[in-house]
Amino acid sequence: MAKDLRTDVLVVGAGPAGSMTAKWAAKGGARVLMIEKRQEIGSPVRCGEGMSKDWLTEVGIRPGPWINLEVEGARIYSPSEQVLEINERSAGNEVGYVVERDGFDKALAIDAANAGVDVMLKTAATEVLRENGRIVGVRAKQFGEPFEIRATVTVGADGFESQVGRWAGLPTNIAMRDMDSCLQYRMTNVDCDVRYCDFYLGEVAPGGYVWVFPKAEGLANVGIGVQVSKIKGIAEPKKYLDAWIAQHPGYAKGKTIDVVGGGVSISPPIKQSVTDGLMLVGDAARMIDPLTGGGIANGCIAGKICGEVAAEAVHAGNPSHELLQKYDKGWRVRLEEKLYRNWLAKEKLCTLSDETFDKIVDALQGTKLEKLSVHNILKAVHAKYPEVTREFEAFL
Amino acid sequence: MPGKRDLHIESSGQLCIYCGACVGICPWNCIYLDETRITFDEKVCTRCEICVKACPVGAIEIG
């Protein structure tokens, strides 16, 4: 039987949000243990691997060998495949790098370890420990051996299928319309353009989009997200993706060398992310941007705040709901408005017909947008197709 | 179980890609993913079929 452990801060899950939390808690002077159920940090990858880059300095991440390439911008394809090109600056730095996610996750875990964090692999949490209504750690298994880890503060960074949040009774359930079911092929011998991340909208991917993120000349992640509430039959995301590829000769001739799947939450911000002794961070706290489906930046930004508050709670000797609430407030100040706004935008976009998507892209093609915001887009569309923007007046 | 249809998660690797989409969406938290093994708690499962839709590759059947 493995020995029971005691630490200041326990982080469950060694993805980007977990490693960030662990690193900043350790830098704040806390003893930190990070556990990971898999045998390898970062693998298997479940990610499109595109990410923005303007936030990296904010959380102390330096670019590394995990960057495959830097793109110049994004191209948005309407259903009739008119193209809207968005350079990086006007996209608000929403595009930037295509990365090697397993390398990225390992780099962040190494950063955390260098800051003093202890890491245990092949270690799964099996339930949370409670004392007087407070969460005081988890019961875990390492290589099948059960033991207990007691901690002043426990952090659930256990991803989309978070168990920690559910065990703690936090409101992490998601509705079918607030989740995209995703599938991606890594394809070689394709005609991708290494200067752009491409997005295809409309009925090709109901309630989501098809993406092509180039990783090198001839090599790209080709994936799809479909809103679960729009799925009627079995294996529809795969059928939609296969159909899209079949219709695009530059990709139909490609060869698939990897298949990746996963769920992405596209929900409004979670109502509560902390309880006595426990905080949730990253995908586990439903922090994914509901419009883009990107989760790394938000997870890392919130992770830094989470780690700082965890260290503070350890020093105060008080992991109460009130003190941990500082984290809940902190990430909301930084992220909540955009999450909510993008969720509203997503709710609207999901209702648009292919014809409307075509009109929007057509109206935007001839205009020069200084900054790509929902407001600027609507203004431009309104000028050409006022009937399209009628139901969007709340945004104008 | 009377009144309940069979739930079958194909997890031999022929269809399931162990992505966890079903685990995250299950409103009853009765599906478990352990690296390359998916199991479910048949007593808790209500056959709501949300996981069937959420699976990107069609690995879950309710017969």
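**Chain B**

I began with burial in chain B: buried residues make up 38% of its 63 residues. I note at the outset that the model is predicted. I then listed the secondary structure of chain B and found 2 helices and 4 strands. Followed along the sequence, these elements give the pattern β-α-β-β-α-β. I also looked up the sequence separation of the contacts in chain B. Of those with a separation of 6 or more, 55% are between residues 24 or more positions apart.

**Contact between the chains**

I asked how many residues each chain gives to the contact. Chain B gives 18 residues and chain A gives 22. On the side of chain B that touches chain A, helix H1 (21–25) and helix H2 (50–54) of chain B are the elements that give two or more residues. I sorted the residues of this side of chain B by class and obtained 12 nonpolar, 4 polar and 2 charged.

**Domains of chain A**

I recorded the division of chain A into domain 1 (5–61 + 101–174 + 268–342), domain 2 (175–265) and domain 3 (347–395). For domain 1 and domain 3 of chain A, I noted that the C-alpha centres lie 37 Å apart.

**Strand E11 of chain A and its partners**

I next followed strand E11 (residues 145–156) of chain A, which pairs in the parallel sense with strand E1 (residues 5–12) of chain A over 7 bridges. In this pairing I found Val9(A) opposite Val153(A) in E11(A).

Strand E10 (residues 134–142) of chain A runs antiparallel to E11(A), and 6 bridges join them. Here I found Arg139(A) opposite Glu148(A) in E11(A). E10(A) and E11(A) form a hairpin with 2 residues between them. I checked the turn and noted that Phe143(A) has a positive phi of about 45 degrees.

Strand E18 (residues 278–280) of chain A runs parallel to E11(A), joined by 3 bridges. Gly156(A) stands opposite Leu280(A) in E18(A).

**Nonpolar core**

I asked which residues of the largest nonpolar core touch the most other members. They are Val9(A), Val155(A), Met279(A) and Ala310(A), in a core of 135 residues. Helix H7 (residues 296–316) of chain A gives the most to this core, with 12 residues.

I then listed the contacts of Ala310(A), leaving out residues up to four places away in sequence. Ala310(A) touches Val9(A), Val153(A), Val155(A) and Met279(A), and also Thr21(A), Ala25(A) and Ala30(A). As background I note that nonpolar side chains tend to be buried together in soluble globular proteins.

**Seven-stranded sheet of chain A**

I traced an open sheet of 7 strands with mixed pairing, in the order E6-E5-E13-E14-E15-E12-E16 (chain A). I asked why one side of strand E6 (83–87) and of strand E16 (255–265) of chain A is left without a neighbour in the sheet. Both stand at the edges and each has a single partner strand, so one side of each has no neighbour there. Neighbouring strands of this sheet are turned by 20 degrees against each other on average, direction ignored.

Strand E12 (residues 179–188) of chain A pairs with E16(A) in the antiparallel sense over 10 bridges. Across this pair I found Arg186(A) opposite Asp258(A) in E16(A).

My last entry concerns helix H5 (residues 236–246) of chain A, which packs on the sheet. Helix H5 touches E12, strand E13 (196–200), strand E14 (209–216) and strand E15 (219–227) of chain A. The direction of H5 makes about 135 degrees with that of E15(A).

Methods
Residues numbered from 1 in each chain as written. Chains lettered and ligands numbered in written order. Predicted model: local features only at pLDDT ≥ 70, side-chain atom pairs only at ≥ 80, totals over all residues. Core = buried A, V, L, I, M, F, W, Y, C linked by C-beta atoms within 7 Å. Buried ≥ 20, exposed ≤ 12 C-beta atoms within 10 Å, placed from the backbone. Contact = placed C-beta atoms within 7 Å. Pairing = 2+ DSSP bridges. Axes fitted to C-alpha atoms, helices over the stretch in contact; angles between N-to-C directions. Domains from an automatic or database assignment. Nonpolar A, V, L, I, M, F, W, Y, C, P; charged D, E, K, R; others polar.
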